[in-house]
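Subject: Structure handover

Hi,

Here is the structure I said I would pass on. Have a look at it first, and then read on for what I found in it.

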Amino acid sequence: MTAARELFVEHGVNGVTTRQIADRADVAIGTLYLYASTKAELLIMVQNEKFAAAIDDGLTAANAAVGHDVLKPVAALIRPVVECLREHIENGRTYLHELVFGDPAEPYRHAGLALAGRLEDGITGLLTRDGYIDAADAATLARVITAIIHISTTATVYLHRSDEVVLADIRDQIRATLSPCHRAA
């Protein structure tokens, strides 16, 4: 895992082969395949740790955010997640692509999808805090917000943008998404 993490940071997922990972780890390629059968699975294994830490950091920041505006704690939650996904853009894009389109039964993808569910649950919890959004609507809105994050962090047209610009754009999209809920209240 350490070898995969180092090489993915140094060269990106597309610039590394499983042979290079096995060589760096000083193991036979067959041994490497005991941990993960593909390079994508190795990436997911590595990124899951980063994604989990980002969600933990975000939840801590969201719980510390105070005020009546639900956008502030939601923005606090997603900031470390967006930064994690954009730390090495190629790796973040590939990670999300593999989670969405890969085999959900594969153990590392399954764990990654559980993390994505944890992020959605965190957003849902924050949205229900304001008292104007019921749990069912909050869960749907959380899924929309995670879709916004996904597109904003992976779409080719956004790759040149800084994290701050991407985060500001995501906040604007979330604000627009939530505004009908606040007007109805």
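A term you'll need straight away: a polar contact here is a pair of N or O atoms within 3.5 Å, where, within protein, one must be able to donate a hydrogen and the other to accept it, and residues adjacent in sequence count only if both atoms are side-chain atoms. By that rule, the side chain of threonine 154 reaches the backbone oxygen of histidine 150 at 2.6 Å.

Before the rest, some housekeeping. This is a predicted model, in which local features need pLDDT of at least 70 and side-chain atom pairs count only at pLDDT 80 or more, while totals for chains, interfaces and linings use all residues. Residues are numbered from 1 along each chain as its sequence is written, and side-chain values use heavy atoms, with hydrogens and water left out.

Back to threonine 154, which sits in helix α8 (helices are DSSP runs of H or I with at least four residues, numbered from the N terminus). Threonine 154 counts as buried because its relative accessibility is 12% (buried is under 20% relative accessible area, exposed over 50%, partly exposed in between, with a 1.4 Å probe and protein chains only). Not counting residues up to four places away in sequence, it touches Arg93, Leu96 and Leu159 (contact means heavy atoms within 4.5 Å).

Helix α8 itself has 20 residues and runs 28 Å from first C-alpha to last, close to the 28 Å expected at 1.5 Å a residue (the expected span is 1.5 Å times one less than the number of residues). At its N-terminal end, aspartate 134 acts as a cap, with a side-chain oxygen 3.2 Å from the backbone nitrogen of alanine 136. Its buried residues include Ala138, Leu141, Ile145 and Ile149.

Ile149 turns up again with valine 82, a residue of helix α5. Valine 82 has a relative accessible area of 0%, so it is buried. Leaving aside neighbours within four places in sequence, it is in contact with Ile149, Thr153, Val166, Leu167 and Ile170. Valine 82 and leucine 167 are 85 residues apart in sequence, yet 7.4 Å apart in space, C-alpha to C-alpha.

Next, asparagine 91 in helix α6. Its relative accessibility is 2%, so asparagine 91 counts as buried. A polar atom of its side chain lies 3.0 Å from the backbone oxygen of phenylalanine 8. Beyond four places in sequence, asparagine 91 touches Phe8, Val9, Gly12, Val13, Leu43 and Gln47.

Leucine 43, from that list, belongs to helix α4 (residues 39-64). It is buried too, because its relative accessible area is 0%. Leucine 43 and valine 13 are 30 residues apart in sequence and 7.2 Å apart in space, C-alpha to C-alpha.

One for the backbone fans: aspartate 26 has a positive phi of about 60° although it is not a glycine. You'll find it in the loop between α2 (18-25) and α3 (29-35). With 70% relative accessibility, aspartate 26 counts as exposed.

Finally, which helix gives the largest share of the lining of the largest pocket? That is α8, with five residues. The lining residues divide into 11 nonpolar, two polar and two charged (Ala, Val, Leu, Ile, Met, Phe, Trp, Tyr, Cys and Pro count as nonpolar, Asp, Glu, Lys and Arg as charged, and the others, Gly among them, as polar). For the pocket terms, on a 1 Å grid over the protein atoms alone, a pocket is an open set of points where a 1.4 Å probe fits, with protein on both sides within 12 Å along at least five of seven lines, and lining residues have an atom within 4 Å of a point.

Cheers

Note on methods
Helix = DSSP H or I, 4+ residues; strand = E, 2+ residues; numbered from the N terminus.
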